[in-house]
Amino acid sequence: MTQVSVTTEVKRPGIIHRLFPSVVSGILLGIVGAVVFNVITNAITQDNNQDATVVFSYVGWILFFFVGIGAFNGVWKWGFGRAEATTAEELELAGKDQGLWRYFRYTTDHKVVGMQYLATTLFLFFLGSLGAFMIRLEQSQPGALFFNPSTYNTIVGMHGILMIVASIIMISGPFGNFVLPIMIGARDMAFPRLNALSYWLIFSIIPVFFSTIFLGGFQTGWTGYAPLSVQTLTPGMDAYSITIIVFAVSTTLAALNIITTVMVLRTRGMTWGRLPIFVWGVILSVLLGLTAFPTFLMSQVMVLMDRVFQTSFFIAAYGGNNWLYEHLFWFMGHPEVYVIALPSMAVAAEITSVFSRKTVYGRRMLLGSLITICILSVVVWGHHLYTSGSATALNAAYMLDTELISIPTGFFFLALIGTFWRGKVWVTVPVLFIAGMLVNFVIGGITGIYLADLPTDEILHGGMFVTAHFHFTLVGSMVFGFFAAFYYWFPKMVGKRLNPRLGTLHFWLFMIGFNGTFLSLFFAGLQGEPRWSANVAPPFATANLIASLFAILIAASVFVTIYNVIITLRSGERADANEWGGKTLEWSVPTPVPLENFEHLPVVTSTPYDYGTPEPHPSDAEGALEPAPLLPQEES
Amino acid sequence: MSTTLEHTHEEHTHELAPHIRIGRARAGVLMLILSDTMSILAILAAGGYLNALNTENAFRASGDHAAGFVPGLLLAIALVVSGLGYYLWARTTRKNGGNGLPLFFILSLVFMLVALVGQTWVSLTLNRDYVSPYSAYESVITLISWFTAVHLLLAVIIGVLLLGRITRNRVKVVGLNYVPEVVGYWWFYTIIGSILLWLFSLVI
């Protein structure tokens, strides 16, 4: 490893140089590209094919956006440049001396990309939450209150896909980019340009996705089921499909980048056996995404072909079949749950160890359980088709392997409880969220067994019971894991301490609001309320009213979080480099983290959980299980 | 306000060791191939599944046929020649310290381009025989045809970029001589994937 001292002075760039290339030039050129492609497509298609026009306009937008933001500059230089990029050019691309503006450029520094992902995730969660609140508002009383059924379906679909997309990227995006390379002792991701590309691909589809509102919406819900998706006349469905295709490409690039980074850039002594659990969780998650998402991508390509070119992948009259869509979708759709879950579970183990001052209990068992979950998750998709009539001969097999997942998941609980057991637990906001996650995950997991069993699923499928179940699994469990990670790593990422009192308020509002809302919906589901109904029928009115009232608490928790972030950014206390006394490498570097993380790469000699005998944290003078403020952690 | 968001410092940069660069490139391309293979498998599974279901007895309308065998065979031959050219170029490059015979690479690129043009022609002319709305069989064949064309287009773009590096003598740069090998992974994968899809279109 050679080290080169750079003494090159970087000139202060002018306004033109700052804007071109940047997100501004990207958007401007993207709009031009969309218009040009729109005109050309209209000219070529004689039969005024509206779907073709929409699809190719968006292709133009995306292509030209990336020309404008400078994504192809590196590619061009790789092929036709006279020499490789110089150190000064690489540093400029990494955002050196560009202040806040580097967040609006095609910046390659993994920490910038991590922050971009974090901001985007929070933004998507906020918008998804607005959708959720609109749904609860509409469902608070029987009858149509605010929306017609078509608008309601679009809101449900948008809420669903926004939350799913945000959940998929919520940990691997922000923390997988910012924290993971430092954790393994790397200076950056393996492919920094590709890293920037994976983020900006997501940015580029945000306007595409929201344009569905102006293109008549999409009535299929987040799953985009065919043949309805093919028969839907509004071009909002085209925008949905484009969004999914680009998102799948983005996650694929991010996945291969993260896997390569861990495979190749681990520092000396960072053996596979010494990798932090968080790194394992992320790598298993993205490996799952890498293999599962291409089928979803292809399903959307087929939908677009059916819509634009009149093919018949899903039209029964011409030999197509809707089961094909369901298989392609759920081959991604079920592993996707674990794409979301695995890093969240790993975060839980990481944080539990730090705040219990104990090594992760049964570390190898936990790792084995995460790997087993990863493997089993790709062979269970058929349980989503129990009642569709497809492959009934395989129902027993699908039932068995779905239930098998409960076993490694049980080991996860065992590992966490074992880590807490007899530890000197420092109860902070991240620990509160982990505790909440454990409680909610038990409810989500156990209710999942009823849905994995064919006889009970025959009764419960398509009802509110399912809605409540997957919200307990994805939100109550995994999003709680995200917030634990958020409060845990925020001081390292931003350099400031989030207010712990507001954090605690956020937790309790969210926990009580969430449980009140979705336990009520479990009840509604057991009463027989169907999922896909814009209007609540009178027998289910009470349960839905209670759910809607508790949803107000969730909404309040969202605003508490936003307020907390704003006041922390404005006037929060400066965080210490090692805020929590963690042993993983990200806590060994200064805050703010230097451009290439380490002046000298560290040599790792042990696992990151060697806390020795459990000792109370100095701030925890009153004893264990007492709430402690977010004080700086002294290295013991 | 003053947060980490505003600050970057440290004036040091560190170059990656050659063996790490090689490992990085190999792993990245292999991961990409793994992911793309899943796309191909999805297409094969879709075609096979629809064929097996034969919904409404309408999977394949009477008179439906695959793209002509002879054009497909010619394209397959072009791809094999392209692969052979690439192999010879990469081999001579490796043996002569980065000074491979560019003629082999140009031959390889030209044949890849020929395959792309041919595949595009095949895809465009499919619609001449098929009648809209297309049957499921015609849909699968159309998808295979255009999917292959896109793959070949990617290979041609990569080939043109690599040609740029060859003409600027940047293949033999110390520490970057792994490029022919790693690009070769994608090159050969494209060829194998395209031929596999063509064979599938014949047997479906």
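How many residue pairs are in polar contact across the interface of chain A and chain B? In this predicted model, the interface of chain A and chain B holds 16 such pairs, both residues being at pLDDT 80 or more. The tour starts at that interface and then turns to the two domains of chain A.

**Stop 1: the interface between the chains**

Select chain A and chain B together and display the residues in contact. On the side of chain A there are 76 of them, facing 59 residues of chain B. The two chains bury about 6,100 Å² between them, and carbon and sulfur atoms account for 65% of that area.

Next, show Glu84(A) and Arg170(B) as sticks. These residues form a salt bridge, with 2.8 Å between the closest N and O atoms. It belongs to an interface of chain A and chain B for which the rule finds two salt bridges.

Now colour chain A by secondary structure. Elements that each supply at least two residues to the side touching chain B include strand 1 (2–5), helix 4 (73–80), helix 5 (87–93) and helix 12 (236–264). Further along chain A, helix 14 (322–356), helix 20 (464–494) and helix 22 (541–571) also meet that threshold of at least two residues. Helix 13 (277–309) is likewise on the list, and it gives the most to this side of chain A, with nine residues. Colouring the same side by residue class will show 41 nonpolar, 22 polar and 13 charged residues.

**Stop 2: the two domains of chain A**

Hide chain B and select residues 18–72 of chain A, assigned as domain 1, followed by residues 107–588, assigned as domain 2. The centres of these domains, taken over C-alpha atoms, are separated by 31 Å. In domain 1 of chain A, 14 residues are in contact with 19 residues of domain 2. About 1,400 Å² is buried between the two domains, 78% of it from carbon and sulfur atoms. Select Asp51(A), Tyr58(A) and Phe66(A): within domain 1 these lose the most area to domain 2, together 36% of what that side buries.

**Stop 3: polar links and helix 3**

Keep Asp51(A) displayed and add Arg307(A). Their side chains meet in a salt bridge at 3.0 Å, N to O, and the rule finds one salt bridge across this domain interface. Four residue pairs are in polar contact between the domains, again with both residues at pLDDT 80 or more.

Finally, select helix 3 (residues 50–69) of chain A. With 12 residues, helix 3 gives the most to the side of domain 1 that touches domain 2. The residues of that side divide into 11 nonpolar, two polar and one charged.

Conventions
Residues numbered from 1 in each chain as written. Chains lettered and ligands numbered in written order. Predicted model: local features only at pLDDT ≥ 70, side-chain atom pairs only at ≥ 80, totals over all residues. Heavy atoms only, no water. Domains from an automatic or database assignment. Contact = heavy atoms within 4.5 Å. Buried area = accessible area lost by both parts, 1.4 Å probe. Salt bridge = Lys/Arg side-chain N within 4 Å of Asp/Glu carboxyl O. Polar contact = N/O pair within 3.5 Å; in protein donor to acceptor, adjacent residues only side chain to side chain. Helix = DSSP H or I, 4+ residues; strand = E, 2+ residues; numbered from the N terminus. Nonpolar A, V, L, I, M, F, W, Y, C, P; charged D, E, K, R; others polar.
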